[in-house]
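Colleague: I should like to understand the reasoning behind the terms used for this model. May I put some questions to you?

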Amino acid sequence: MKIRSFDADKAILYLVATPIGNLKDMTFRAIEVLQSVDKIYAEDTRTSGVLLSYYDIHTKLESYHEYNQDLKADQVLNELNSGMKLAIISDAGLPVISDPGYKLVTLAIENGIAVSTIPGASAGISALIASGLAPMPYTFYGFLDAKHIKRIKELEDLKYLPHTIIFYEAPHRIEETLKDLLSVFGNRQIVLARELTKTFEEYARGTIEDILLELPTKGEMVLIVEGYKEENQIDNPFQKIDELISLGSKPNDAIKEVAKLINANKSELYKGYLEYKNK
Ligand code: SAM
């Protein structure tokens with residue numbers, strides 16, 4: 001079924017991107033659309049009120065969030081069916097992405113109503129492109145489960161995925177998540193992108209163990225994780241050490257690198273390596 005988006009007389013549901021921290025990351029088009037629609041549905045009317053007043057937007061604002069989205073769905077659909085032009089915004093970034101809105105998108109489509117995106121900031125993809133990890137292929141995962149057992153199961157399912165993975169995480173859970181990630185994925189390369197677009201924006205790049213050593217506990221964060229790589233899997237770590245030495249590494253550096261790759265203790269690996277060589 002084809003639906004043309006911009007028909008002056010017909011209803012439309014706009015999904016409008018808003019800034020992820022820096023109020024200036026708002027597009028001209030987003031402002032124009034928010035000024036012109038009949039009503040804006042926002043995740044948190046107080047948060048969005050700040051943005052709207054900054055841009056002198058006076059459109060009617062109503063709440064639409066995780067806890068009332070089922071109740072409000074009929075109301076929104078009736079409004080669309082009566083020909084209204086509506087916009088959904090979330091507290092930050094793109095609505096629908098780890099935020100409410102998906103239900104309304106499907107309802108609108110089922111009812112032949114146009115759904116259109118007003119693109120702009122989104123934390124995950126913004127972090128990915130500056131991470132330095134392979135940008136493609138990637139998987140956007142969003143939040144892992146808050147419960148340890150479920151999170152481990154989710155990570156087990158992702159373990160062999162050869163894609164860079166984008167996770168969202170809360171600062172109070174990042175340590176537990178990284179420890180679970182280390183135990184399931186091994187010591188992969190990751191990037192923790194924090195406070196994007198804000199004054200204290202920071203990218204921490206390194207292995208999971210490196211990042212755990214200086215872990216930030218504040219701020220909004222996106223976690224980008226290197227995908228599964230066959231070559232990072234080592235059948236015999238001692239042979240791998242020999243291989244690195246033959247390629248020019250100093251023995252100490254080779255042991256350090258292999259210990260990181262297989263998530264082993266460096267001195268234990270060194271002891272094992274000496275035994276292996278003296279056999
Ligand atoms: N819809 C949003 C988007 O398009 O990115 C995501 C909303 S989700 C509820 C909020 C999560 O996004 C935060 O917990 C954090 O993981 C990430 N996030 C949002 N803003 C961020 C920022 N400025 N810097 C880093 N991460 C951010």
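**Reasons behind the terms**

Modeller: Let us begin with the ligand in this predicted model: one of its nitrogen atoms is 2.9 Å from a polar backbone atom of L196.

Colleague: What makes the approach of L196 to the ligand a polar contact?

Modeller: A polar contact requires a pair of N or O atoms within 3.5 Å. The ligand nitrogen and the polar backbone atom of L196 are 2.9 Å apart, so the pair meets that limit. For S122, an N or O atom of the side chain is 2.7 Å from an oxygen atom of the ligand. For E169, a backbone N or O atom lies 3.5 Å from a ligand oxygen.

Colleague: How many residues surround the ligand, and which are the closest?

Modeller: There are 19 residues around the ligand, and the closest are I20, S122, A123, Y168 and M221. Y168 also belongs to an aromatic cluster, together with F140 and F143. The structure holds nine aromatic pairs.

Colleague: Let us turn to a helix. Why is Y273 called buried?

Modeller: Y273 has a relative accessible area of 8%. Buried means under 20%, and therefore Y273, at 8%, is buried. Its place is in helix α11.

Colleague: Which residues does Y273 touch, leaving aside those up to four places away in sequence?

Modeller: Y273 touches F238, I241, D242, I245 and I255. The cover over the buried residues of α11 includes helices α9 (237–246) and α10 (251–262).

Colleague: How do you know that the length of α11 agrees with the expected span?

Modeller: Helix α11 covers residues 266–278, which is 13 residues. From its first C-alpha to its last it reaches 18 Å, close to the 18 Å expected at 1.5 Å a residue.

Colleague: What makes you place the buried residues of α11 on the same side?

Modeller: The buried residues of α11 are L269, G272 and Y273. They cover an arc of only 105 degrees around the axis, which puts them on the same side of the helix. In general, an α-helix has 3.6 residues a turn, so residues three or four places apart point the same way. On the other side of α11, K271, E275 and N278 are exposed.

Colleague: Why is N265 said to cap α11?

Modeller: A side-chain oxygen of N265 lies 3.0 Å from the backbone nitrogen of S267, at the N-terminal end of α11. The limit for a polar contact is 3.5 Å, so this pair, at 3.0 Å, is within the limit.

Terms used
Residues numbered from 1 in each chain as written. Predicted model: local features only at pLDDT ≥ 70, side-chain atom pairs only at ≥ 80, totals over all residues. Heavy atoms only, no water. Phe/Tyr/Trp six-rings, centres within 6.5 Å; stacked < 30°, edge-to-face > 60°. Helix = DSSP H or I, 4+ residues; strand = E, 2+ residues; numbered from the N terminus. Expected span 1.5 Å × (residues − 1). Buried < 20%, exposed > 50% of the residue type's maximum accessible area, 1.4 Å probe, protein only. Arc of directions from axis to C-beta. Contact = heavy atoms within 4.5 Å. Polar contact = N/O pair within 3.5 Å; in protein donor to acceptor, adjacent residues only side chain to side chain. Near = heavy atom within 4 Å.
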